[in-house]
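This report looks at how one chain is divided, how its parts meet, and how a metal site is built. Please keep the model open while reading.

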Amino acid sequence: MTQLQAILNYQEVDKELYAIERELAGSEARKEYVKMKKFLEVAPEKLDALETKANSLKAEAASLSEKYEKTEETIKDFDSLDELISGGADIAFYKKKAQLVFDQLKKLKAELNELINVINETSAEYQKFKKQVIAAQKLYREAADKYNAVKSEKEGTRKELEAKLAELAKDISTEAMEKYKSKRKEKLFPIMCKVNDKRCSFCGMDLPIVDVNRLTSGGMIECDSCHRIIYKE
Ligand SMILES: [Zn+2]
């Protein structure tokens, strides 16, 4: 048996294994499993980000409260106002000053209220996301069980095919087998494609004439476009 025939025999059996892999990869159970897995992988990062945001908002609120209290304290300056006025101080000056303090307090109060709203929103967002994470953990376990069940259904057939392939591989050179397997890892299938006149039968690409000439002498070439191995029988 020629090397080419041995590889083609191998590919014929591998086709069944490939079909099983495709079926598993496309199964609803796996899609759900991967979706939940991805969600749970990024969840801690998002929870951390929300926590960092909450902490910085709290610090901001504390500093605003402090500012508010300090401003409020300046009102004490007006305690001795009666004395000052009766001593001939300009009442207009104190009126203006009092108005300034009042405006500042009003502004700080508004800022604080706004900040409290943001804090509440962030807290609600955190709680909601935490619930989603807990729900996703449950869904993830369920999906993993389902996916494993689907996988184990195919396990017997898969093992049989792998045993057959191991047997068929004995007729193939190590070099050719490695090349085939590396392409298989890239999820290309079929890997071996028959030449169609001067074209790749898989993607239809015109093959360089120098390569086609090599083909006629029984060699194999690679398609530059789809990276399949082209052969001629
Ligand atoms: Zn091609």
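A donor here is an N, O or S atom within 2.8 Å of the metal (the cut-off is 3.2 Å for Na, K and Ca). The model is predicted. By sequence, the donor residues of the zinc ion follow the spacing C-x2-C-x19-C-x2-C. They are Cys200, Cys203, Cys223 and Cys226, and each gives its SG atom. The distances to the zinc ion run from 2.2 to 2.3 Å. What arrangement do the 4 donor atoms form around the zinc ion? The arrangement is tetrahedral, because the donor atoms subtend angles of 102 to 115 degrees. For four tetrahedral donors the ideal angle is 109.5 degrees.

The domain assignment splits the chain into domain 1 (3-178) and domain 2 (190-233). Their C-alpha centres are 49 Å apart. The two domains do touch: 4 residues of domain 1 contact 7 residues of domain 2.

The interface between domain 1 and domain 2 is listed here.

| Item | Value |
|---|---|
| Buried area | about 510 Å² |
| Share from carbon and sulfur atoms | 72% |
| Salt bridges | 0 salt bridges |
| Polar contacts | 2 residue pairs, both at pLDDT 80 or more |

On the domain 1 side, the touching residues comprise 3 nonpolar, 1 polar and no charged. Which residues of domain 1 lose the most area to domain 2? They are Leu4, Leu8 and Gln11. Together these account for 77% of what the domain 1 side buries.

Key: Residues numbered from 1 in each chain as written. Predicted model: local features only at pLDDT ≥ 70, side-chain atom pairs only at ≥ 80, totals over all residues. Heavy atoms only, no water. Domains from an automatic or database assignment. Contact = heavy atoms within 4.5 Å. Buried area = accessible area lost by both parts, 1.4 Å probe. Salt bridge = Lys/Arg side-chain N within 4 Å of Asp/Glu carboxyl O. Polar contact = N/O pair within 3.5 Å; in protein donor to acceptor, adjacent residues only side chain to side chain. Nonpolar A, V, L, I, M, F, W, Y, C, P; charged D, E, K, R; others polar. Tetrahedral: all angles 85-135°; square planar, octahedral: opposite > 155°, others 65-115°.
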